[in-house]
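Dear colleague,

Please find the structure below. My notes on side-chain contacts, charges and backbone angles follow it.

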Amino acid sequence: MQSKEVLELMVEACDDKRAAEIKVYDVKETSPVTDYFVICHGNSERQAQAISDEVRSVAHKNGLDINIEGQKQGKWILCDVGDVIVHIFLKTEREYYNLERLFKDSGDTIGG
């Protein structure tokens, strides 16, 4: 599966669980480890965990390997799906770590 197809699946999985402010960053030119970063947040730990559960489910349904870190705590969950890395935050953690600053204006906002 092409990385763009994986990206579309992961964004859809986040959107299906109503992740807020989904942003996609194309990092193919600057990252040796992945092609895309997806950054979003949930409004509670439970919602963040539900988003990561959906990402895992979609990955497994499509035969994709996935590694997840931080799901138990639910404040910053990292889902590594190879060519796509999904960062799921609580809003306060997202504001604190502010990963978007690393990408300046290169991101596309997908959801509300």
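**Surface charge**

Glu-5, Glu-8, Glu-12, Asp-15 and Asp-16 come together on the surface as a patch of negative charge. Please keep in mind throughout that this is a predicted model. One member of the patch, Glu-5, sits in helix α1, which covers residues 3-16. Glu-5 has a relative accessibility of 40% and is therefore classed as partly exposed. That value also clears the bar for patch membership, because a patch takes residues with over 30% relative accessible area and no salt bridge.

**Salt bridges**

How many salt bridges does a search of the whole structure find? The search returns two.

One of them joins the side chains of Asp-26 and Lys-28, with an N to O distance of 3.0 Å. Lys-28 has a relative accessible area of 37%, so it is partly exposed. Asp-26 is partly exposed as well, at 44%.

Arg-94 and Glu-100 make a salt bridge too, and their closest N and O atoms are 2.6 Å apart. Are these two side chains buried or exposed? Glu-100 has a relative accessible area of 13% and is buried. Arg-94 is buried also, with a value of 6%. Both assignments follow because buried means under 20% relative accessible area.

**Aromatic rings**

The structure contains three aromatic pairs. In one of these, Trp-76 and Tyr-97 are tilted with respect to each other, with 4.8 Å from centre to centre and 50° between the planes. This pair links distant parts of the chain: Trp-76 belongs to strand β4 (residues 76-80) and Tyr-97 to helix α3 (residues 91-97), and the two residues are 21 residues apart. The pair is called tilted because planes under 30 degrees apart count as stacked and planes over 60 as edge-to-face, with the rest being tilted.

Trp-76 is partly exposed, its relative accessible area being 29%. Tyr-97, at 36% relative accessibility, is partly exposed too.

Tyr-97 also pairs with Tyr-96, and here the arrangement is edge-to-face, with 4.9 Å centre to centre and 90° between the planes. Tyr-96 has a relative accessibility of 64% and so counts as exposed.

Which residues do the ring pairs link into a cluster? The cluster consists of Trp-76, Phe-89, Tyr-96 and Tyr-97.

**Positive phi angles**

Two residues are worth a look on the backbone side.

Arg-18 is not a glycine, yet its phi is positive, near 60°. Arg-18 lies in the loop between α1 and β1 (20-26). With a relative accessible area of 70%, Arg-18 is exposed.

Asn-98, likewise not a glycine, has a positive phi of about 45°. The location of Asn-98 is the loop between α3 and β6 (108-109). Asn-98 counts as partly exposed, at 32% relative accessibility.

**In brief**

To recap for your file:

- The negative patch on the surface includes Glu-5, a residue of helix α1.
- Of the salt bridges, Arg-94 to Glu-100 has its closest N and O atoms 2.6 Å apart, and Lys-28 to Asp-26 is at 3.0 Å.
- The aromatic cluster includes Trp-76 and Tyr-97, whose pairing links strand β4 with helix α3.
- Positive phi values occur at Arg-18 and at Asn-98.

Regards

Conventions. Residues are numbered from 1 along each chain as its sequence is written. This is a predicted model: local features need pLDDT of at least 70, side-chain atom pairs count only at pLDDT 80 or more; totals for chains, interfaces and linings use all residues. Side-chain values use heavy atoms; hydrogens and water are left out. Rings of Phe, Tyr and Trp (its six-membered ring) pair if their centres lie within 6.5 Å; planes under 30 degrees apart count as stacked, over 60 as edge-to-face and the rest as tilted. Helices (H or I, at least four residues) and strands (E, at least two) are DSSP runs, numbered from the N terminus. Buried means under 20% relative accessible area, exposed over 50%, partly exposed in between (1.4 Å probe, protein chains only). Patches are made of residues with over 30% relative accessible area and no salt bridge: like charges are joined within 9 Å, nonpolar side chains (Val, Leu, Ile, Met, Phe, Trp, Tyr) within 5 Å. Accessible areas come from the Shrake-Rupley method with a 1.4 Å probe; for residues, only the protein chains shown count as cover. A salt bridge is a side-chain nitrogen of Lys or Arg within 4 Å of a carboxyl oxygen of Asp or Glu. Lys and Arg count as positive and Asp and Glu as negative; His and the chain ends are not counted. The place of a charge is taken as NZ of Lys, CZ of Arg, CG of Asp or CD of Glu.
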